[in-house]
Amino acid sequence: MTDHDLHALSGAYALDALDDDERARFEAHLADCAGCREEVASLGEAAALLGTEPVEPPAAVRDAVLSGIRSIRPLPPITSEPAAEPVDDLAARRTRRSLVQRIAGTPLIAAAAVVLLLAVGTAWLRPWTEDPTPPPATAVEQVLRAADATRVDKEFPDGSRATVVLSRSLGGAVIQTEDMAPAPQGKVYELWLQRPDGAMVPAGLMPDDPDAELRLEGDATHAKAVGITIEPDGGSELPTTTPIAVLDLAT
Amino acid sequence: MDPVTGNAAGAPHQGAPAGAVPDLGALLKRSARGDEAAFAELYDATAARAHGLVLRVVRDRAQAEEVTQEVFLEVWRQSGRYDADRGSALAWLMTIAHRKAVDRVRSAEAATRRDVTYEETNRSVAHDETAEAAHASLEARRVRAALAHLTDVQREAIELAYFGGYTHTEVAALLDLPVGTAKTRIRDGLIRLRDSIGVGR
């Protein structure tokens, strides 16, 4: 399963609509993908409002809960300090050891890494818990998370969809597609940034994937629109066909 | 936040005036420090809402009551893990409730699990109920309006997943969608819902 496939699971994850395998894989992915974490959190907010008719549980439930909590200690909050400690400890010990010991100790360190990984994974079982080690943002994530990020959506008659997220402050644009039909044999989808004077500047080729996400090449600071055309494999310097889509960034 | 009160036996759940809504995040925080009175207040403010969701998913009354009890014990246990920066306390609690309810129906698959026929023949009813419950508050009216903006497939996919407890693969089969498209419809629909309600961003 590719990252793109995993991104697309955010909604199903927010509704607990993944099977156990998918859930585990998606949670591992969440640890690395700030964009997905944010999306899952916001979709969870929307889901919580779906609600249903409130139904008062019987008083016996209340009694059982309130007496039950007396024997349960609330878990401590997650703090990044203690999570980091064992690693530092290990690292310190590791530097003190001889080479032989170091080699002998490698599986231990690997095991510790697995434990840490599990701990991080577990932390993401609940999307609202804090990430002890936020990974550096990718070029795509930087745009998606930019304070001035704006979205432009385009839905095609066949139900497929393209979204452009633009951050003028970063001069970056990201395109996300869903369910795009493959380009015809020997052809490719090419992306274009339209300059204010109307000229189309090549901005990269879409990967051969119905659900893709990539950052457009070039500076989008002043781009007027993002266009998609069908070009011969390898792409063209200038559009040779009428765009199948033009997403207007001016609004 | 949807002002839902859990007091008034038999009273219609119209939602309390905004001023009367307890700060759920603060109650969670106090609970994490072992404050049982705060937790009781949290329970009273949210139990009816959580139980309504659990009952809708689990269907069997006795089992739903067990699940709701588990949910609140878990909320107590996890109260210190709630992080206000990552979302509302209500969403956090409802996520726990939903997860527990779904775990119960999936593990009880063979026994008293809701059958597909019921869900299929009651799909439109289910939607009406969603709309009915939405009268409860201003927030919920916005949800109802937002639901109306979804395509039928998006709405059905979301409802089957959320209220039916089905996986996206099962939802695809129920709606005769190609495998892999239900997850997209669910995501599209939720994004549209989120953006039109204006939460989480």
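Helices here are DSSP runs of H or I with at least four residues, numbered from the N terminus. With that in hand, A:D16 can be placed in the loop between helix 2 and helix 3 (20-30) of chain A. The model is a predicted one, and in it A:D16 has a positive phi of about 55° although it is not a glycine. This aspartate also counts as buried, because 22 C-beta neighbours fall inside 10 Å and the cut-off for burial is 20 or more.

Chain B has a residue that invites a side-by-side look. B:D176 sits in the loop between helix 9 (168-174) and helix 10 of chain B, and phi of B:D176 is near 55°, again a positive value in a residue other than glycine. As for its surroundings, B:D176 is exposed, with 6 other C-beta atoms within 10 Å.

Turning to the chains as wholes, chain A holds eight helices and eight strands, while chain B has ten helices and zero strands. Read from the N terminus on, the elements of chain B simply go α-α-α-α-α-α-α-α-α-α. Of the 251 residues in chain A, buried ones make up 33%; for the 201 residues in chain B, the figure is 50%. On contact range, 58% of the contacts in chain A between residues at least 6 apart in sequence join residues at least 24 apart. In chain B, residues 24 or more positions apart account for 59% of the contacts with a separation of 6 or more.

Next comes the contact between the chains. It takes 50 residues from chain A and 72 residues from chain B. On the chain A side, helix 2 (10-14), helix 4 (34-50) and helix 5 (59-68) each supply at least two residues, and helix 4 of chain A gives the most, with ten residues. Sorted by class, the side of chain A that touches chain B has 31 nonpolar, eight polar and eleven charged residues.

Helix 10 of chain B deserves a paragraph of its own. Running over residues 181-197, this helix has 17 residues and reaches 24 Å from its first C-alpha to its last, close to the 24 Å expected at 1.5 Å a residue. It is mostly covered, with 14 of its 17 residues buried. Right after helix 10 of chain B comes B:G198, whose phi is positive, near 80°.

Two packing partners of helix 10 stand in different chains, and helix 4 of chain A can be taken up to begin with. The axes of helix 4 of chain A and helix 10 of chain B come within 9 Å and cross at roughly 80°, so these two helices are roughly perpendicular to each other. On the chain A side the contact is made by A:S42, A:L43, A:E45, A:A46, A:A47 and A:L49, and on the chain B side by B:L190, B:L193, B:R194 and B:I197. By class that makes seven nonpolar, one polar and two charged residues.

Within chain B, helix 8 (residues 152-162) packs with helix 10 at an angle of about 100°, their axes being 8 Å apart. Helix 8 and helix 10 of chain B are therefore roughly perpendicular to each other. Helix 8 of chain B brings B:V153, B:Q154, B:R155, B:A157, B:I158 and B:A161 to this contact, and helix 10 of chain B brings B:A182, B:R185, B:I186, B:D188, B:G189 and B:L190. Here the tally by class is seven nonpolar, two polar and three charged residues.

B:A161 turns up again in the nonpolar cores. The largest core has 77 residues, and B:V54 and B:A161 touch the most other members. Helix 2 (residues 36-58) of chain B gives the most to this core, with twelve residues. Leaving aside neighbours within four places in sequence, B:A161 is in contact with A:A12, A:L15 and A:A17 from chain A, along with B:Y166, B:H168, B:V171 and B:I186 from chain B. There is also a second, separate core of 24 residues, and its members include A:V143, A:A162, A:Y189 and A:L193.

Last, a residue from the segment after strand 8 (245-248) of chain A: A:A250. This alanine counts as exposed, because 9 C-beta neighbours lie inside 10 Å. A:A250 and A:H222 are 28 residues apart in sequence, and their C-alpha atoms are 9.4 Å apart in space.

Key: Residues numbered from 1 in each chain as written. Chains lettered and ligands numbered in written order. Predicted model: local features only at pLDDT ≥ 70, side-chain atom pairs only at ≥ 80, totals over all residues. Contact = placed C-beta atoms within 7 Å. Nonpolar A, V, L, I, M, F, W, Y, C, P; charged D, E, K, R; others polar. Expected span 1.5 Å × (residues − 1). Buried ≥ 20, exposed ≤ 12 C-beta atoms within 10 Å, placed from the backbone. Axes fitted to C-alpha atoms, helices over the stretch in contact; angles between N-to-C directions. Parallel < 35°, antiparallel > 145°, perpendicular 65-115°, else oblique. Core = buried A, V, L, I, M, F, W, Y, C linked by C-beta atoms within 7 Å.
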